[in-house]
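Me: I'm new to this one, can you walk me through it? I'll just throw questions at you as they come up.

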Amino acid sequence: MADAKKAGALGLILSDLDAVVKNDPASRGALDAAINHAPFHAIAAHRVVHAIHMAGIPMLPRFLSNLARLWSGAEIYPGAKIGRGFFIDHGAGTVIGETAEIGENCVLFHNVTLGGTGKHKGKRHPTVGNNVLIGTGATLLGPINVGDNAKIGAGAFIIMRDVPANCTVVGSPARIVKLRGRKV
């Protein structure tokens with residue numbers, strides 16, 4: 001995520017637009033994605049809102065993120081830190097909490113929650129590594145860590161358990177079914 005901080009909001013937005021074109025088979029190119037992909041609008045708005053939040057301007061970031069949620073269906077809190085090349089496919093019901101951190105080139109499907117448990121102060125939400133895919137309806141709660149290259153299946157439920165790098169987890173509660181390319 002260090003590179004993401006150096007890139008500036010516009011550089012991050014362009015990397016996110018590239019991610020839409022790369023990951024969405026319905027995309028007809030960058031112009032189509034920029035105009036018609038509502039989750040991209042939520043991400044682009046977040047890039048601007050996050051910069052305002054980091055500048056210490058009160059209330060405005062949360063207000064603008066609420067407008068983006070109304071438009072796109074994706075709720076991304078201003079404090080969330082998101083790396084380059086972020087893609088949400090169908091934003092409806094997606095929630096990314098205030099202290100969540102997401103690495104580079106991550107993909108989330110709709111109705112994913114990166115939330116808190118209500119029992120923590122400070123860092124309350126998940127930290128997701130690079131190149132992570134999180135399937136539809138997955139719920140990740142608490143200050144957990146998800147390792148690089150992990151795949152989290154649709155409907156998985158993970159609370160207060162880290163997910164190792166290079167694995168696939170499925171189910172509710174989630175369990176590891178593949179680790180470093182081998183079935184577990």
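Reply: Sure. One term to start with: contact, or touching, means heavy atoms within 4.5 Å. Also keep in mind that this is a predicted model.

Me: OK, so what does L140 touch, apart from residues up to four places away in sequence?

Reply: L140 touches T113, L114, G115, P126, I134, V146, I152 and I158.

Me: And which residues touch the most other members of the largest nonpolar core?

Reply: That core has 30 residues, and F86, I96, L114, I134, L140 and I152 touch the most other members. Helix α3 and strand β14 (167-170) each supply at least two residues of this core.

Me: Which residues does the second core include?

Reply: L17, V20, A44 and V107 are among them; that core is separate and has nine residues.

Me: Let's switch to α3. How far apart are its end C-alpha atoms?

Reply: They are 24 Å apart. The helix has 17 residues (38-54), so at 1.5 Å a residue it should span 24 Å, which agrees.

Me: Which residues of α3 are buried?

Reply: P39, F40, H41, A42, I43, A44, H46, R47, V49, H50 and I52.

Me: What comes after the helix?

Reply: α3 is followed by G56, whose phi is positive, near 85 degrees.

Me: Back to H50 for a second. Why does H50 count as buried?

Reply: Because its relative accessible area is 18%, and buried means under 20%. Leaving aside neighbours within four places in sequence, H50 is in contact with P78, G79, A80 and K81.

Me: New topic: how many cavities of 30 Å³ or more are there?

Reply: A search of the whole structure finds two. The largest has a volume of about 60 Å³, and about 40 Å³ of space lies in the second largest.

Me: What lines the largest one?

Reply: I158, R161, D162, V163, P164, V169, A174, R175 and I176. By class, that lining divides into six nonpolar, no polar and three charged residues.

Me: And which residues line the second largest cavity?

Reply: A42, A45, H46, V49, S65, A68, R69, A74 and I76. The elements giving two or more residues to that lining are α3 and α4 (60-72).

Me: Which element gives the most there?

Reply: α3 does, with four residues. As for classes, the lining of the second largest cavity has six nonpolar, two polar and one charged residues.

Conventions: Residues numbered from 1 in each chain as written. Predicted model: local features only at pLDDT ≥ 70, side-chain atom pairs only at ≥ 80, totals over all residues. Heavy atoms only, no water. Expected span 1.5 Å × (residues − 1). Buried < 20%, exposed > 50% of the residue type's maximum accessible area, 1.4 Å probe, protein only. Core = buried A, V, L, I, M, F, W, Y, C linked by side-chain atoms within 4.5 Å. 1 Å grid on protein atoms, 1.4 Å probe; cavity = no way out; pocket = protein on both sides within 12 Å on 5 of 7 lines; lining within 4 Å. Points joined across faces, edges and corners; volume = space filled by probe spheres on them. Nonpolar A, V, L, I, M, F, W, Y, C, P; charged D, E, K, R; others polar.
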